[in-house]
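Let's take a walk through this protein together, with the sequence and the fold side by side. Keep the viewer open and hop from stop to stop.

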Amino acid sequence: MATLENNGFLLCCCLFLAGYLVHGATPYDYSATIECLNQPLDPQYGGGLIANPSFDKGVEAWKVDGHVKIEARESGGNKFIVAYNRTTPFSISQSFYLKEGVFYTFSAWVQLSEGSDIVVAMIYNSVENTVHVVGSVIAKSGCWSMIKGGLTVDQNAPSVLHFQCNNTKSELRVDSVSLKEFNKHEWQENRLRNIEKVRKRTLRVNVANKNGKKIKGAKIKIQQKKLQFVIGCATPSSILMSKSYQEWFVSRFTTTVFDNEMKWYYTERLQGHENYTTPDAMLKFFIDHGIDVRGHNILWGAATQRWVRDLPPRQLLSESVRRMGSVMSRYAGKLVAWDVVNENLHHPLFEEKLGKNASAIFYKIASSLDTKATMFLNEFNTLEHPADMVSIPSKYVEKLQEIKAFPGNEELVIGIGLQGHFDPHPNIPYIRAVFDVLGETKMPIWLTELNVEPCPKQAYFLEEIMREAFAHPGVKGMMIWIGWSPNGCHEMCLVDSKLQNSPSGDVVDKLLAEWKTTNLNGVTDNGGAFEVKVFHGDYYVTVYNPKTGANVTREVQVYDDKSETVDVSITL
């Protein structure tokens, strides 16, 4: 098969340096489950650092944690540990040594003897004197639920794993515990391997003449038009007033979202006085430049106008439906997504006033008003802060399932919107684990408002997060949240007032270039074929026959699909 002209040796070197040709790293286990199973699965990685992870040796290596009794039990051939007679949330613990610069992925299976409640796995670091929540799940009686998470530590330290549950009336049962370490190289190698697997596909160009004879030596040029994976950026209305910023923006991003200009409080500050002048102008600008737009947002319990919050339930329902009809009928068919009820895990105003099915009803209405766009459940801290129990992954899944269970919503595709407002110490292994868990819903995951708080390593952490998202099969896009204006921006700037890149801006440009297949040249082999692996996306394929001077350019889509190869036949 033909290879890239004059680039074989260089490509080989690059792949070696990138880690593609380096073997030996333990494959990362992307598996997770959101189902409550009759029996737990085996511990991932055989338990990793955890001693006696399946409790085949009774309670050996495990200790009593607090005022509690523990014992090993067996049911249906499965062995597990039980903490009972608990007077505090604590249960069992195990000690080990954690190292700085290492990525730890965690999993365990838990069950309660009665009721349901959140079970939290946390690790105490004795040197830092800190407690890291590494994972959590809503545990139930009668079946086993999986916790998946992870952590890193800033200093080498003796550490202790704990399991906690506030439901002290219930026994806490634990099984199949795992804590696996990956060094930085292993973590990155797994990421690179997955990018090759989930973000690329082989494109094969077959060239023949009008009589069907294969043409050897035809020259092929492949140019990417658009990456299928969405990398976009938010913007306020200030973009309309800066020609230079417009040029900077449209040369990089394929999708955008407005900071505030489409929100209810912006378009209808006073009841009955709507003004869409600004979002209309913004949408027209982006449509004219071929840039997709996300709708952010339709309803939001945290940022409603005073007149909305003060409405009695019947009027609140009426005004909310009127708002939906107003904004969605205006922009239906012009947007790629809508954040329907924004942050409704943290701010359940509509459920509190209208009943538990309020969000489900609004999603049903929204999906009928715009049948083309994806409806998103947009939330914060599910990805960013493991200790925020309001929006942990299993709470998110529970809300998603609640909306889809409502009559008429069963087949509705609901996008998983993870905002991604990170503090100066993002938990990279936990991020991957959350993607694993939420990916099991089979709904598309987007980072919808990605930024990192100002810190010396802001650009580094931004790159790590973006690479994690791009490498995960469940993630379909990410929106960077900067809020630029001539006077500055929000917490993370990509450019300064003179539109010169910041270090974070350099990261974005570097990744946009790295994840683009561009100016790829080759020649067909004896069978008239040329093949190469390219990133998923839209392409221009140009074929030139040097013997006849004939040439053809065709637009080709290379999208994510189960088949490994896209075959394109071109006649010259």
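One bit of vocabulary before we start: a residue is called buried when its relative accessible area is under 20%, exposed when that area is over 50%, and partly exposed in between. Keep in mind, too, that what you are looking at is a predicted model.

Start at N52, in the loop between α1 (8-18) and β1 (63-64). Buried or exposed, then, is N52? Its relative accessible area comes to 11%, and with the cut-off for buried at under 20%, N52 therefore counts as buried. Who keeps it company? Skipping the neighbours within four places in sequence, N52 is in contact with K57, G58, V59, E60 and W62. With E60 there is also a polar link: the N52 side chain reaches the backbone oxygen of E60 at 3.0 Å.

Next, the cysteines. As a reminder, a disulfide is a covalent bond between the sulfur atoms of two cysteines. How many disulfides does the structure hold? There are two. Take the bond between C36 and C143, where the S to S distance is 1.9 Å. With 95° about the S-S bond, that link is right-handed. C36 sits in the loop between α1 and β1, while C143 sits in the loop between β7 (130-140) and β8 (145-151), so the pair ties together parts that are 107 residues apart in sequence. The two ends differ in cover: C36 is partly exposed, at a relative accessible area of 25%, whereas C143 is buried, at 11%.

Now scroll along to C489 and C493, whose sulfur atoms are 1.6 Å apart in a disulfide. This link is left-handed, with -95° about the S-S bond. C489 is partly exposed at 22% relative accessible area, and C493 is partly exposed as well, at 27%. Number the bonded cysteines in sequence order and the pairing reads 1-2, 3-4.

What about C165? Why does its sulfur make no bond to the closest cysteine sulfur? That closest sulfur belongs to C36 and is 13 Å away, which is too far for a bond; a disulfide needs the two sulfurs within 2.5 Å. C165 is also buried, at 1% relative accessibility. C455 is in no disulfide either: the nearest cysteine sulfur, in C493, is 13 Å away.

Let's turn to the helices. Y266 is found in helix α4 (residues 264-267), and with a relative accessible area of 33% it is partly exposed. Leaving out residues up to four places away in sequence, Y266 touches S237, N260, E261, N275, T278 and P279. For a sense of scale, pick E411 as well: Y266 and E411 are 145 residues apart in sequence and 32 Å apart in space, C-alpha to C-alpha.

The last stop is helix α11 (residues 428-439). Its 12 residues reach 16 Å from the first C-alpha to the last, close to the 16 Å expected at 1.5 Å a residue. How many residues of α11 are buried? The count is 12 of 12, so the helix is mostly covered by the under-20% cut-off. Among the buried residues are I428, Y430, F435 and L438, along with R432 and D436. At the start of α11, a side-chain oxygen of N427 reaches to within 3.1 Å of the backbone nitrogen of Y430.

Definitions and conventions: Residues are numbered from 1 along each chain as its sequence is written. This is a predicted model: local features need pLDDT of at least 70, side-chain atom pairs count only at pLDDT 80 or more; totals for chains, interfaces and linings use all residues. Side-chain values use heavy atoms; hydrogens and water are left out. Helices (H or I, at least four residues) and strands (E, at least two) are DSSP runs, numbered from the N terminus. Buried means under 20% relative accessible area, exposed over 50%, partly exposed in between (1.4 Å probe, protein chains only). A polar contact is a pair of N or O atoms within 3.5 Å; within protein, one must be able to donate a hydrogen and the other to accept it, and residues adjacent in sequence count only if both atoms are side-chain atoms. Contact means heavy atoms within 4.5 Å. The expected span of a helix is 1.5 Å times one less than its number of residues.
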